[in-house]
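Me: Please take one part of this structure and describe it closely, in one connected account. I would be grateful if each technical term were given with its cut-offs.

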Amino acid sequence: MMQTLTQTRGPRRRPQLARLLLIVLALAFLGIFLVLPLLAVFVQALAKGVGAYFAAVSDPMAWSAIKLTILVAAVAVPLNLVFGVAAAWAIGKFEFRGKSALITLIDLPFAVSPVIAGLIFVLVFGIHGWFGGCLRMHHIRIVFAVPGIVLATLFVTFPFIARELIPVMQAQGKDNEETALSLGANGWQTFWHVTLPNIRWGLLYGVLLCNARAMGEFGAVSVVSGHIRGMTNTMPLHVEILYNEYNYTAAFAVASLLALLALLTLAGKSVLEWRRPELRRAARKPRDRTRRERT
Amino acid sequence: MARRVLPGFGLTLGYTMLYLSLLVLIPLSAVFIRSLGLGWGHFWEAVSTPRVIASLRLSFGASLIAALINVVFGLVVAWVLVRYTFPFKQLIDAAVDLPFALPTAVAGIALTALYAPNGWLGVWLHPLGINVAFTPLGVVVAMTFIGLPFVVRTLQPVLEDLDNEVENAAATLGASGAQTFVRVILPALWPALFTGFALAFARAVGEYGSVIFIAGNMPMKSEIAPLLIITKLEQYDYAGATAIAVVMLVLSFALMLGINALQSWASSRHGGR
């Protein structure tokens with residue numbers, strides 16, 4: 001106590017011991033909760049050697065799961081991208097009543113448990129659902145088939161790109177676009193040559209996060225998939241099946257591919273944040289854009 | 001209203017509303033309409049069975065504990081990342097987002113492998129009588145993992161904007177480090193701490209993938225509410241599944257509105273300073 005009192009004349013001098021303790025505490029917490037789980041995935045995946053690892057990853061069932069995961073993301077991400085751009089254009093460039101309510105509604109899927117996200121599509125399209133009878137008559141399967149997986153993935157990844165783009169478009173205003181229009185560009189040219197270059201980093205950021213969630217989604221997809229091997233099994237579901245069969249090496253091998261995807265996503269995200277520091281803050285605080293930059 | 005010079009308002013807003021309705025609003029309303037069809041009596045019957053109540057209590061109780069753990073350690077992590085410099089800080093900062101990026105099923109099996117009695121951490125904890133895997137404690141651990149980034153990421157910008165001058169003034173006036181923290185810094189952090197807590201809590205309540213592997217899933221003991229929804233669905237008990245979903249949705253939406261109110265309160269407070 002005496003020591004701190006005598007130190008008070010210097011600017012921001014903190015006891016070195018407290019600083020060291022806090023750093024050690026923070027690193028220990030992150031080490032136990034972040035680094036160890038990640039490390040465990042790769043160690044367990046390679047526990048029986050590289051041969052077993054590659055055998056597990058190149059198994060036909062694993063391959064079909066990989067292909068389905070890529071397919072689902074390839075459908076879901078572009079659809080949510082188009083929606084995200086449209087929503088950001090309407091919300092970011094125009095004033096209208098009910099705007100904040102609309103933003104809240106766009107965020108709604110974040111507040112819904114993934115399991116409930118799956119459940120709602122079973123209630124709508126399942127055998128006992130609203131359109132169940134009608135679909136069965138026409139031999140269309142949505143639930144326990146690929147369309148259901150896509151729908152559930154679309155739902156859980158719905159807000160990602162819109163959330164990134166709305167603050168970016170809001171910050172940029174519409175001066176540039178109006179100038180382009182007054183110079184004789186049409187609406188589409190304006191969007192393509194003026195707006196798109198301005199939002200490209202935010203767009204990429206949103207796509208990155210959306211894709212990671214789309215490929216990694218488990219709960220929602222689990223409810224609507226029916227777990228048919230080689231047919232409706234995505235990579236996370238395949239991990240679960242292998243794990244429940246006590247085939248740990250194979251489960252962790254497939255899981256390690258998803259962990260690599262997560263690491264690549266984080267790396268890409270960091271690069272984007274490094275190039276465009278405002279992305280990170282914009283993502284967190286959409287309503288608070290005009291604050292002074294940190295000195 | 002002035003003529004809108006920029007084109008595309010009707011088209012983009014129309015598309016936004018259509019897409020939102022088809023994909024989110026109408027399917028979500030299915031849960032509520034279905035549960036209305038149950039009638040109050042059946043609804044109450046479905047959600048008041050001991051097994052359902054136990055699962056809701058576990059989901060909400062474990063989420064509460066996990067969110068509180070995240071508030072404490074999230075504050076430490078955010079503080080250290082904003083205020084101090086040390087090797088690999090950028091890397092560690094980026095790693096905080098891992099729970100957002102890592103698929104939940106992968107997190108689930110990795111945590112189980114760590115905390116199982118023969119796992120890296122389980123080996124040390126098991127002889128001490130602390131069983132994490134396949135107990136409610138495991139549920140808390142998984143929920144702490146997935147909620148970890150929320151508190152850190154909500155606190156970081158607030159800490160970065162915090163004026164050093166106020167702290168220096170407090171120190172110059174003779175306040176100790178602890179006094180400065182409690183009297184000067186903490187009051188400025190409350191809104192962000194609450195928001196981070198609520199976000200971590202909301203995420204943990206609905207969490208499924210990372211929890212089910214480590215939980216053990218014993219009914220009445222370590223069975224979370226989302227798992228019970230799936231169990232009921234697999235037994236074609238749609239009414240039961242829907243009723244639990246409605247309880248969870250109502251609570252989650254209330255929480256979300258609370259978070260929104262908190263955030264606008266926090267940013268107005270911030271702007272007023």
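Reply: In chain A, 75% of the contacts with a separation of 6 or more join residues that lie 24 or more positions apart; two residues are in contact if their C-beta atoms, placed from the backbone, lie within 7 Å. This is a predicted model, in which local features need pLDDT of at least 70 and side-chain atom pairs count only at pLDDT 80 or more, while totals for chains, interfaces and linings use all residues. Residues are numbered from 1 along each chain as its sequence is written, and chains are lettered from A and ligands numbered from 1 in the order in which they are written.

The predictor's confidence in each residue, from 0 to 100, is the pLDDT; its mean over chain B is 90, with 97% of the residues of chain B at 70 or more. For the complex, the predictor gives an ipTM of 0.91 and a pTM of 0.90.

Chain A contains 15 helices and 0 strands. These elements are DSSP runs numbered from the N terminus: helices are H or I with at least four residues, and strands are E with at least two. Chain A is more spread out than a compact globule, because its radius of gyration is 24 Å, well over the 19 Å that the globule rule gives for 295 residues. The radius is taken over C-alpha atoms, and the rule is 2.2 Å times the number of residues to the power 0.38.

The part chosen for a close look is the meeting of the two chains. Here 82 residues of chain B are in contact with 83 residues of chain A. On the side of chain B, helix α1 (residues 9-47) gives the most, with 14 residues. That side consists of 55 nonpolar, 20 polar and 7 charged residues, where Ala, Val, Leu, Ile, Met, Phe, Trp, Tyr, Cys and Pro count as nonpolar, Asp, Glu, Lys and Arg as charged, and the others, Gly among them, as polar.

Helix α5 (residues 104-115) of chain B deserves particular attention. Its axis and that of helix α2 (residues 16-45) of chain A come within 8 Å and cross at roughly 90°. Axes are lines fitted to C-alpha atoms, for helices over the stretch in contact, and angles run from 0 to 180 degrees between N-to-C directions. The helices α2(A) and α5(B) are therefore roughly perpendicular; angles of 65 to 115 degrees are so named, those under 35 count as roughly parallel, those over 145 as roughly antiparallel, and the rest as oblique. Among the residues that make this contact are A:Leu36, A:Val41 and A:Gln44 of α2(A), and B:Val106 and B:Leu114 of α5(B). By class, the contact has 10 nonpolar, 1 polar and no charged residues.

With helix α13 (residues 235-244) of chain A, the axis of α5(B) also comes within 8 Å, at a crossing angle of roughly 25°. That makes α13(A) roughly parallel to α5(B). A:Pro236, A:Val239, A:Glu240 and A:Tyr243 in α13(A) meet B:Ala105, B:Val106 and B:Ile109 in α5(B). This contact has 6 nonpolar, no polar and 1 charged residues.

A further link between the chains involves A:Ala87, in helix α4 (residues 60-93) of chain A. Not counting residues up to four places away in sequence, A:Ala87 touches A:Ile106, A:Ala162, A:Ile166 and B:Thr16. A:Ala87 counts as buried, with 28 C-beta neighbours inside 10 Å; a residue is buried if 20 or more other C-beta atoms, placed from the backbone, lie within 10 Å of its own, exposed if 12 or fewer, and partly exposed in between.
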